[in-house]
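Me: Got a model here I'd like to go through with you. Can we start with the aromatics?

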Amino acid sequence: MIYTCTITPSIDYTAYLSHFESGKLNRSEEVYYYPGGKGINVSRVLSRLGLGSRALGYAGGFTGHYIEQFLAEEGIETDFIDTGEITRINVKIKTDKETELNGPGPEINETQLQELNNKISTMKQDDWFVLAGSLSKSIPMQFFKDLANTCNERGIHFVLDTSGSALKELIDTKPFLIKPNEHELGEIFGVAIHTQSEAFHYASKLVDQGIEHVVVSMGAAGAIYANRDQWYTAQAPKGNVVNTVGSGDSLVSGFIASYIDEQDPVRAFQYGVASGSATAFRTDLCEKQDVEQLLAEVKVLPFDKKDVTK
């Protein structure tokens, strides 16, 4: 079973306008309401790729019920913990530029933390636990470290997709897979990363620390993949980028789906990049047929370790 966990889910209200002017009345041309949160996105894409999952996390109020209903209609199991608070709404304004207004996440108490811990304690060997998105500041970082350690002890594939100080602090838990972008990778080491060579240098440091698979997304420059024995680059396919929200989550979903099916990390890397690109070319998350159509356009090539900038 694949479990995804979104600590701070949302409803993403996305409005498309030809022009936005602050302080004035603006009228939307198109609007969409989707459940938001990186773990939720992973579950939604996995479903579209033909894999079931169970979405965990914290939700509440009428917005929380909307998220549960939406996911149920897409055939996704949910097992959210009720926060007693209204789940946040994030506003996304799309014009020639992108403006966002994100609400605050929930305050999680000790009882609610224990509820999540109890759910993870029932997971079995070879299950997957995907911890994705921002982690509430009301939760001690040691709680997440303990969750990761539980996964490692039970043989559960722990996938970590967060950022900032949380990502840096949880590196030592040795996740099965992480997927930072080049800026997030640089933040871990306090450097700026501009090239694939530099990205490989620092990705290899993470592999040396015990992370099995490291994928670094680099926007128009594509992505890189590193494990202990293999280094590969992938060039993203060309297309009209409509919406970048969920693209990284789709990459994670594609990697997991392919890895479960074929146990080939390089093929999983290619499929993940195709999934992320397919989402970027749509207003919503990718469909399987979109991914399959792009797969041949994702050129995956080995990278010579001699070319790494140190």
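Me: Which residues form one aromatic cluster with Trp128?
Reply: Phe176, Tyr225, Phe255, Tyr259 and Phe269 join Trp128 in one aromatic cluster. Bear in mind that this is a predicted model.

Me: How many aromatic pairs does the count come to?
Reply: The count comes to 16 aromatic pairs. One of them is Phe189 with Tyr202.

Me: Stacked or tilted, that one?
Reply: Tilted, because the planes of Phe189 and Tyr202 sit at 40 degrees, and stacked would need under 30. The ring centres are 5.0 Å apart.

Me: Where do the two residues sit in the chain?
Reply: Phe189 is in helix H6, residues 182–189. Tyr202 is in helix H7, residues 196–208. They are 13 residues apart, and the pair links distant parts of the chain.

Me: Are those two rings' residues buried or partly exposed?
Reply: Phe189 is partly exposed, at 25% relative accessibility. Tyr202 is buried, with a relative accessible area of 18%.

Me: And Phe200 with Trp231, what kind of aromatic pair is that?
Reply: Stacked. Centre to centre is 5.0 Å, with 10 degrees between the planes.

Me: Which elements does that pair tie together?
Reply: Phe200 lies in helix H7, and Trp231 lies in strand E13, residues 231–235. So the pair ties together parts 31 residues apart in sequence. Phe200 is buried at 0% relative accessible area. Trp231 is buried too, at 10%.

Me: Switching to strands. In what sense do E2 and E6 pair?
Reply: Parallel, over six bridges. E2 covers residues 10–16 and E6 covers residues 89–94. Within that pairing, Ile11 has Ile89 of E6 as its bridge partner.

Me: How do E6 and E7 run?
Reply: Antiparallel, joined by four bridges. E7 is residues 98–101. Ile93 has Thr99 in E7 as its bridge partner. A hairpin of three residues joins E6 to E7.

Me: OK, cores. Which residues touch the most other members in the largest nonpolar core?
Reply: Ile7, Leu116, Phe129, Leu131, Phe144, Leu206 and Val214. That core has 47 residues.

Me: What does Leu116 touch?
Reply: Setting aside residues up to four places away in sequence, Leu116 touches Cys5, Ile7, Leu56, Tyr58, Ile81, Phe143 and Leu147.

Me: What's in the second core?
Reply: The second core is separate and has 35 residues. Among them are Trp128, Ala132, Val159 and Leu177. Trp128 also belongs to the aromatic cluster we began with.

Me: How many disulfides does the structure hold?
Reply: Zero. Take Cys151: the nearest cysteine sulfur belongs to Cys5, 9.9 Å away. A disulfide needs the sulfurs within 2.5 Å, so Cys151 is in none.

Me: Is Cys151 buried or exposed?
Reply: Buried, with a relative accessible area of 0%. Cys286 counts as buried as well, at 0% relative accessibility.

Me: Last one, Ser53. Where does it lie?
Reply: Ser53 is in the loop between helix H1 (38–48) and strand E4 (54–59). At 5% relative accessibility, Ser53 counts as buried.

Me: Which side chain makes a polar contact with the Ser53 side chain?
Reply: That of Ser43, at 2.8 Å. Beyond neighbours within four places in sequence, Ser53 is in contact with Met1, Ile2, Ser43, Leu46, Ile76 and Glu77.

Notes. Residues numbered from 1 in each chain as written. Predicted model: local features only at pLDDT ≥ 70, side-chain atom pairs only at ≥ 80, totals over all residues. Heavy atoms only, no water. Buried < 20%, exposed > 50% of the residue type's maximum accessible area, 1.4 Å probe, protein only. Phe/Tyr/Trp six-rings, centres within 6.5 Å; stacked < 30°, edge-to-face > 60°. Pairing = 2+ DSSP bridges. Polar contact = N/O pair within 3.5 Å; in protein donor to acceptor, adjacent residues only side chain to side chain. Contact = heavy atoms within 4.5 Å. Core = buried A, V, L, I, M, F, W, Y, C linked by side-chain atoms within 4.5 Å.
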